[in-house]
Amino acid sequence: MPDKVLTNFDLEKMVDTSDEWIQTRTGISKRRIISDNINVSDLAVEAAREALLNGNLNIADIDLIILSTCSPEMVMPSTACLVQQKLGAKTMPAFDISAGCTGFIYAITVGTQFIETGLYKKILIIGADALSRYIDWTDRNTCVLFGDGAGAIVLGEVEEGYGILSNYLAASGAGANLLQIPAGGSRVPATENSYEKKLHCVNMNGNEVFKFAVRALPQAAKAALKKANLTIDDVSYVIPHQANTRILEAAARKLKINSDKIISNIDKFGNTSTASIPIALDELAKAHRIKVGDILLLVGFGAGLTWGANVIKWSKATLSN
Ligand code: ACO
């Protein structure tokens, strides 16, 4: 996480909002923001180094880097290549995944295929975002929601019956207009006009995204559990994308799961986009709250629209435990 903390009280001085509104409507009280001299690859490298350390691994042990982000450092090259270089690797393959805030779920699912086919043995998977660089700091509808951060895991072989039990992915481009950064790509390249119209900033229909999230999160959770022949009662912890406490509460009701089992750190970090799931997983693991054999349900939703889930059985060999 970046060091710089931006509280709701700081935001009160920037836009017409209040700590009370933000806490009641979103559950967020503060978030971390990168400073001017830091980039998203720096956050990613920090997270990657810690994941390697926790697994007693060196970068030389890794066969592939997959980085999920919706705030890449540049349109090209991929942020994964920048991270590969900063980690001191020479020719290891590296690529980005763009799947909105569901990126980490997509990255795990893609990584799982390489492990299952035996093509790669150990994959560094990173979720890193710095949406603060794409926020219109005069738009109270969006600027109160997002924070910056990164998280990482190493995916590798574990004993039979453990590890990733199932994956479920979905997307609906019909909802692409609900959450976007319209300019900066090839459709609307940067011009004075695009800059003045703030087309390089996050543009969101909050109400529609909210409704979508409340539907998508339980649907993805149930679909992934079904594929793993499990039910919600088997789940030790749900680690959802951290977007809004009210979304998580609604999902808990729909899934009929005790809200104690739903991991949330949104109050202190806000919505860190594709980094939110690995950050929450890291906190849970470091608090030694996960036991061998526990079933974890990772579930996300985001721009695209995209949504998905992974079911994991925590194993002895699970790294970063
Ligand atoms: N402070 C004070 N008032 C505000 C603020 C603010 N920061 N933001 C909006 N309001 C006002 C609105 O202008 C509106 O006023 P009006 O009634 O006079 O028009 C009123 O509050 C209610 O606005 P709503 O949009 O209806 O508020 P809602 O309860 O829906 O909360 C929110 C808005 C928090 C954005 C919610 O819709 C939400 O969380 N949506 C999901 C967003 C999300 O998850 N996005 C990320 C997806 S993941 C990814 O891929 C990045």
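**Exercise 1. Helix α8**

Which residues are buried in α8? Also compare the expected span of α8 with the distance between its end C-alpha atoms.

*Solution.*

Start with the ground rules. This is a predicted model, where local features need pLDDT of at least 70, side-chain atom pairs count only at pLDDT 80 or more, and totals for chains, interfaces and linings use all residues. Residues are numbered from 1 along each chain as its sequence is written, and side-chain values use heavy atoms, with hydrogens and water left out.

Step 1. Fix the terms. Helices (H or I, at least four residues) and strands (E, at least two) are DSSP runs, numbered from the N terminus. Buried means under 20% relative accessible area, exposed over 50%, and partly exposed in between (1.4 Å probe, protein chains only).

Step 2. List the residues. V209, F212, A213, V214, A216, L217, P218, A220, A221, A223, A224 and L225 are buried in α8.

Step 3. Check the span. The expected span is 1.5 Å times one less than the number of residues. Helix α8 covers residues 206-227, so its 22 residues should span 32 Å. The end C-alpha atoms are 31 Å apart, which agrees.

**Exercise 2. One residue of α8**

Is V214 buried or exposed? Which residues does V214 contact, leaving aside neighbours within four places in sequence?

*Solution.*

Step 1. Locate V214: helix α8 holds this residue.

Step 2. Apply the cut-off. V214 has 13% relative accessibility, so it counts as buried.

Step 3. Find the partners. Contact means heavy atoms within 4.5 Å. Beyond its sequence neighbours, V214 touches I247, A250 and K254.

Step 4. Look at one pair. V214 and I247 are 33 residues apart along the chain, yet 5.7 Å separates their C-alpha atoms.

**Exercise 3. The four-stranded sheet**

What is the order of the strands in the open sheet of four strands? Which strands are at the edges?

*Solution.*

Step 1. Define pairing. Two strands pair if DSSP finds at least two bridges between them.

Step 2. Read the order. The order is β7-β12-β11-β10, with mixed pairing. β7 (163-171) and β10 (237-240) are the edge strands, each pairing on one side only.

Step 3. Take each sense in turn. β10 pairs with β11 (residues 295-302) in the parallel sense, over four bridges. Here I239 has L298 in β11 as its bridge partner. β11 and β12 pair in the antiparallel sense over eight bridges, with L297 opposite V311 in β12.

Step 4. Look at the hairpin. Three residues lie between β11 and β12. In the turn, G304 has a positive phi of about 145°. A cis peptide bond joins G304 and L305, with omega about -10°.

Step 5. Check the burial of β11. Eight of its eight residues are buried, so β11 is largely enclosed by the rest of the structure. I295, L297, V299 and F301 point one way, while L296, L298, G300 and G302 point the other way.

**Exercise 4. Core and domains**

Which residues touch the most other members of the largest nonpolar core? Why does this core lie between the domains?

*Solution.*

Step 1. Define the core. A nonpolar core is a set of buried Ala, Val, Leu, Ile, Met, Phe, Trp, Tyr and Cys residues joined through side-chain atoms within 4.5 Å.

Step 2. Name the hubs. The largest core has 50 residues, and V235, I257, L297, F301 and W307 touch the most other members.

Step 3. Find the top supplier. α8 gives the most, with eleven residues.

Step 4. Place the core. Domain bounds come from an automatic or database domain assignment. Domain 1 (4-156) and domain 2 (163-313) both give residues to this core, so it lies between them.

Step 5. Add the domain contact. The C-alpha centres of the two domains lie 14 Å apart. The contact takes 47 residues from domain 1 and 44 residues from domain 2.

**Exercise 5. Unusual backbone angles**

Where are N229 and S273? Is each buried or exposed?

*Solution.*

Step 1. Recall the background. Most residues other than glycine have a negative phi, and most peptide bonds are trans.

Step 2. Take N229. Its phi is positive, about 55°, although it is not a glycine. N229 sits in the loop between α8 and β10. At 72% relative accessibility, N229 counts as exposed.

Step 3. Take S273. Its phi is positive too, about 60°. S273 lies in the loop between α10 (266-269) and α11. At 1% relative accessibility, S273 counts as buried.
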